[in-house]
Amino acid sequence: MTSIADIRDEYDFLDPDDRYRLLIDLGRSLEPMPEALKTEATLVRGCSASVWVYPTRRDDGTLHFLADSNAAITKGIIALVLLTVQDGTPAAIAGADIEGELAPFDLKNQLSSNRTQGIPNMIALIRETAARYV
């Protein structure tokens with residue numbers, strides 16, 4: 001899996017159109033989420049697109065998230081968020097500076113507010129999940 005730092009380095013050198021393509025490609029690289037998991041219970045509230053996040057706890061105690069969206073750019077944003085926490089321990093995820101990791105991407109200025117309005121809700125859901133296991 002590519003690291004968030006590698007993606008950030010690549011993103012810095014791209015023009016806006018190529019940044020969109022990079023986000024779309026990141027979204028395509030997400031692990032497939034079974035349709036059966038896309039329910040009201042896994043739906044992230046406050047997103048303009050439909051976004052689903054399903055956490056699983058692995059045998060070693062780490063958390064692994066499945067996620068999907070019906071919008072390609074949003075799916076790429078989800079992939080960025082997950083790169084900051086995927087397969088981490090609950091304590092590490094609860095204490096992660098997800099916003100700080102995403103800040104260099106300047107998503108609020110690169111994308112429309114409709115595309116970014118649900119990011120805080122995704123992050124909150126991930127942190128709440130981690131906190132339940134700490």
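## A tour from the α3–α8 crossing outward

Begin by selecting helices α3 and α8, whose axes come within 11 Å and cross at roughly 35 degrees. Keep in mind throughout that this is a predicted model. With both helices in view, turn the structure until you can see how α3 passes α8, which it does in a right-handed crossing. Then show the side chains where the two helices meet: I77, I78, V81 and L82 belong to α3, and they face I119, M122, I123 and I126 of α8. By class, this contact holds eight nonpolar residues, with no polar and no charged ones.

Next, keep α3 alone, selecting residues 72-83, and check its length: at 1.5 Å a residue its twelve residues should span 16 Å, and the end C-alpha atoms are 17 Å apart, which agrees. Now bring back the surroundings, and ask how many of the twelve residues of α3 are buried. Ten of them are, so the helix is largely enclosed by the rest of the structure. To see them, colour I73, T74, G76, I77, I78, A79, L80, V81, L82 and L83, which are the buried residues of α3.

From the end of α3, move into the loop between α3 and α4 (90-94) and select D87. This residue has a positive phi of about 65 degrees although it is not a glycine. D87 has a relative accessibility of 32%, and because buried means under 20% and exposed over 50%, D87 counts as partly exposed.

A second stop of this kind is D106, in the loop between α5 (98-102) and α6 (107-110). D106 also is not a glycine, and its phi is positive, at about 50 degrees. With 32% relative accessibility, D106 counts as partly exposed.

Return now to α8, residues 119-133, and select A124, which is found in this helix. A124 is partly exposed, with a relative accessible area of 29%. Add A94 to the selection and draw a distance between the two C-alpha atoms: they are separated by 9.7 Å, although the residues lie 30 apart along the chain.

Finish with helix α1 (residues 4-12) and helix α2 (residues 16-28), which pack at an angle of about 155 degrees, with their axes 10 Å apart. The two are therefore roughly antiparallel to each other, and α1 passes α2 in a right-handed crossing. For the contact itself, show I7, E10, Y11 and D12 of α1 together with R19, L22 and L26 of α2. This set is made up of four nonpolar, no polar and three charged residues.

Note on methods:
Residues are numbered from 1 along each chain as its sequence is written. This is a predicted model: local features need pLDDT of at least 70, side-chain atom pairs count only at pLDDT 80 or more; totals for chains, interfaces and linings use all residues. Side-chain values use heavy atoms; hydrogens and water are left out. Axes are lines fitted to C-alpha atoms, for helices over the stretch in contact, and angles run from 0 to 180 degrees between N-to-C directions. Helices (H or I, at least four residues) and strands (E, at least two) are DSSP runs, numbered from the N terminus. Angles under 35 degrees count as roughly parallel, over 145 as roughly antiparallel, 65 to 115 as roughly perpendicular and the rest as oblique. A crossing is left-handed if the near helix is turned anticlockwise from the far one by less than a right angle, and right-handed if clockwise. Contact means heavy atoms within 4.5 Å. Ala, Val, Leu, Ile, Met, Phe, Trp, Tyr, Cys and Pro count as nonpolar, Asp, Glu, Lys and Arg as charged, and the others, Gly among them, as polar. The expected span of a helix is 1.5 Å times one less than its number of residues. Buried means under 20% relative accessible area, exposed over 50%, partly exposed in between (1.4 Å probe, protein chains only).
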